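Please open the structure in a viewer and keep the selection tool at hand. The tour below proceeds stop by stop, stating at each one what to select and what is there.

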Amino acid sequence: MALLSIRGLKVHFQTELGVNQAVDGVSLDVEPGRTLGIVGESGCGKSVTALSVMRLVPCPPGRIVSGEILWNDRDVLKLPEKELPEFRGREVAMIFQDPMTSLNPVFTIERLMCEVIVRRFGVGKVEARKRALAALTTVGIPDPETRLGSYPHELSGGMKQRILIAMALLCEPKLLIADEPTTALDVTIQKQILHLMKDLQQKNKMALLLITHDIGVIAETCDDVAVMYAGRVVECASVHALFSHNRHPYTRGLFNSVPKRGLSKETPLPSIEGSVPSLLNPPKGCRFAPRCFRRQDRCTVDDPQLLPVADKHTVACHFPLEDPA
Amino acid sequence: MSAPLLDVRNVLKRYPVRGGVFGRTRGEVHAVEDVSFTLAKGETLGLVGESGCGKSTLGRTIIRLEEANSGGVNFDGEDLLALSRKELFERRRHLQMIFQDPYSSLNPRMTLGEIVREPLAIHRIGNRKQQLEEVTMLLEKVGMKPEMIDRYPHEFSGGQRQRIGIARALALRPRLVIADEPMSALDVSVQAQVLNLMVSLQRELDLTYLFISHDLTVVEYISDTIAVMYLGRIVETGPKRAVFDAPAHPYTRALIDAAPVRDPRLRGASHPIRGETPSPINPPPGCAFHPRCPFAIDRCKEAIPPLEAHDSPGHRVACIRREEIAGELKRPAVVSASP
Ligand SMILES: Nc1ncnc2c1ncn2[C@@H]1O[C@H](COP(=O)(O)OP(=O)(O)OP(=O)(O)O)[C@@H](O)[C@H]1O
Ligand code: SF4
Ligand SMILES: [Mg+2]
């Protein structure tokens, strides 16, 4: 059974220009102990989906229009306010894209970490410090004693992300949501952080929901993948199925538009024409239709539903591609 | 071989770091240290490296948005660093820059037409009518409709704004274009459009590109030659295939291995290297990569390794152990299996 199950989630934002249909009917499952990747371009609703699970969507301007988020047979969207702190630390924890802004700059790492530990476990200062040190060691911070006395701005991006991971894992959550955890980092540091997250995931037998726009990161870290486009999930499959026989025209286009190793400029890159639509006034029917080379009349009228095309492989398209030759 | 269009020699750029109450100089950021390379007409040099390695500073120093401390930049037989401001202004026509952020590099109060026409007006090229004709032609070249000419930057998507930036950079028919991370603010599906555009314009207009990026995939695609920078220095350079297929500097190997492979069957094929990039204020002695290098020996800390010829023509590497470790740096070529 799925650990987390999002069903028909719709989250809209009221803006000056109208209603932004940011997340419009998203369904996905995270299985215990596995890694689900959400991939898609800027603004497709990845972060809003994640924030909804944490009950962190600012309302207003946001509004949860419909849907449910099932966790242990309970709908997270209906959890009473007072149960949220417990849910957010012990059940699900989240780390964000920009490690620079997620740590309060006026406190030392020791103060930031110990506060969480004291609040959650009700232990004394000495014990809290001991646990903080152990947590820093687990995430590979060199010289953790000294680091406890540092302020966030004295640390590199990679160090801060390690510390945020350490803090997220303090309460041993069953699910860690990581929203673009390495986008702000250099590649050699990205590799270290992804390695660390996978390692800790295995040790803690934790599920991971990893949000990224980088299909390379997906290939390296995920078991299952949901591809999002303009507020909807368009394809969902195991990572192997998605890389070897993706069926949605957008997925195919996205994967092809990244140059492959060994390719050079003599061969033009296949590209998707046009750009991502505005969600204030999204296209009728399939949201990818204006850019799709397989579009037919029906595509601009009927919303394609996410339907199975193979075992554990769903696609939202009226005319899915056949398996590639 | 004919003389290169651009010949950069021993360029050095350091920034003083001030601190304390009296603003005394506390040290220097070693942004660009003794960098030399050449770039042939019509070719693309991909300059890669991680944040803070000096690649953008190098680009900006070449066209004198920053002044070098020492060194020479020979462009078409003339030392740009020795020119007066007025002479430089004349030459700027031939050297243009495309910037990373299409959102902030366009003046929000100017229309698309004005943005692209401005360089022509500044350099007093043609009359107004000729300039407008030129703008129309440029917009068509970059795939924008001329009827959009009266619209403002905020009305365009990131990809369209980058096209506008390219049209503007090309207005003066430059010979050398320095593109600093032109893809990194764009959506993945739009990057391919802009890359294709840059390649076709290069062919059509015989452009020479200095393409600065941290993204190895993009650099591998568009470049003919590669230069890899680490802490202000070029540590490896050469023809693209030599650098990508037989990297000889441990840092290049690490960088290639760190770029995620787009094939789930090949995951876990390599391990991350340890540590982080040290501060450019007090770079480590000797080879600056030694604290992170899996092959470092004591001798690596003693002297800065010179960039020396390696295996194939044009391939140069700054590592004293490059011959001994060549075998260990070899790895089967990665074949991508994505459809
Ligand atoms: N607080 C908010 N107020 C108004 N609109 C919002 C708010 N948060 C998100 N949105 C809108 O919701 C849509 C989806 O945003 P979201 O942040 O989920 O995208 P994303 O897929 O995470 O993109 P990125 O890759 O850029 O992080 C966007 O159109 C965004 O502008
Ligand atoms: S539903 Fe139609 S327009 Fe949408 S992706 Fe499928 S073929 Fe293309
Ligand atoms: Mg986001």
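Begin by selecting the surroundings of ligand 2: by class, the shell there holds 9 nonpolar residues, 2 polar and 1 charged. In this classification Ala, Val, Leu, Ile, Met, Phe, Trp, Tyr, Cys and Pro are nonpolar, Asp, Glu, Lys and Arg are charged, and the others, Gly among them, are polar. Among the residues around ligand 2 are His248(A), Cys286(A), Cys292(A), Cys299(A), Cys317(A) and His318(A); a residue counts as near a molecule if one of its heavy atoms lies within 4 Å of it.

Before moving on, note that this is a predicted model, in which local features need pLDDT of at least 70 and side-chain atom pairs count only at pLDDT 80 or more, whereas totals for chains, interfaces and linings use all residues; side-chain values use heavy atoms, with hydrogens and water left out. Residues are numbered from 1 along each chain as its sequence is written, while chains are lettered from A and ligands numbered from 1 in the order in which they are written.

Next, select ligand 1. Which residues are the closest to ligand 1? They are Ser42(A), Gly43(A), Lys46(A), Ser47(A) and Val48(A), out of 14 that surround this ligand. The shell divides into 6 nonpolar, 5 polar and 3 charged residues. Strand S2 (18-30) and helix H1 (46-53) of chain A each supply at least two residues of the shell, and the largest share, 3 residues, comes from H1(A). Helices (H or I, at least four residues) and strands (E, at least two) are DSSP runs, numbered from the N terminus.

Now display the polar contacts of ligand 1, which are pairs of N or O atoms within 3.5 Å. One oxygen atom of the ligand is 2.6 Å from an N or O atom in the side chain of Ser42(A). A polar side-chain atom of Asn20(A) lies 3.0 Å from a ligand oxygen atom, and a polar backbone atom of Gly45(A) is 3.0 Å from an oxygen atom of ligand 1. Taken alone, ligand 1 exposes 640 Å², of which the protein buries 68%; accessible areas come from the Shrake-Rupley method with a 1.4 Å probe.

Follow the chain to the loop between H1 and strand S4 (62-71) of chain A, where Pro60(A) is found. A cis peptide bond joins Cys59(A) and Pro60(A), with omega about -15°. The bond from Pro60(A) to Pro61(A) is also cis, and its omega is near 10°. Arg55(A) lies in this loop as well; although not a glycine, Arg55(A) has a positive phi of about 60°. Most residues other than glycine have a negative phi, and most peptide bonds are trans.

Finally, select Pro283(A), in the loop between helix H10 (249-256) and strand S11 (307-310) of chain A. Leaving aside residues up to four places away in sequence, Pro283(A) touches Pro277(A) and Pro290(A), where contact means heavy atoms within 4.5 Å. For a last distance, add Gly158(A): Pro283(A) and Gly158(A) are 125 residues apart in sequence and 40 Å apart in space, C-alpha to C-alpha.

Key. A polar contact is a pair of N or O atoms within 3.5 Å; within protein, one must be able to donate a hydrogen and the other to accept it, and residues adjacent in sequence count only if both atoms are side-chain atoms.
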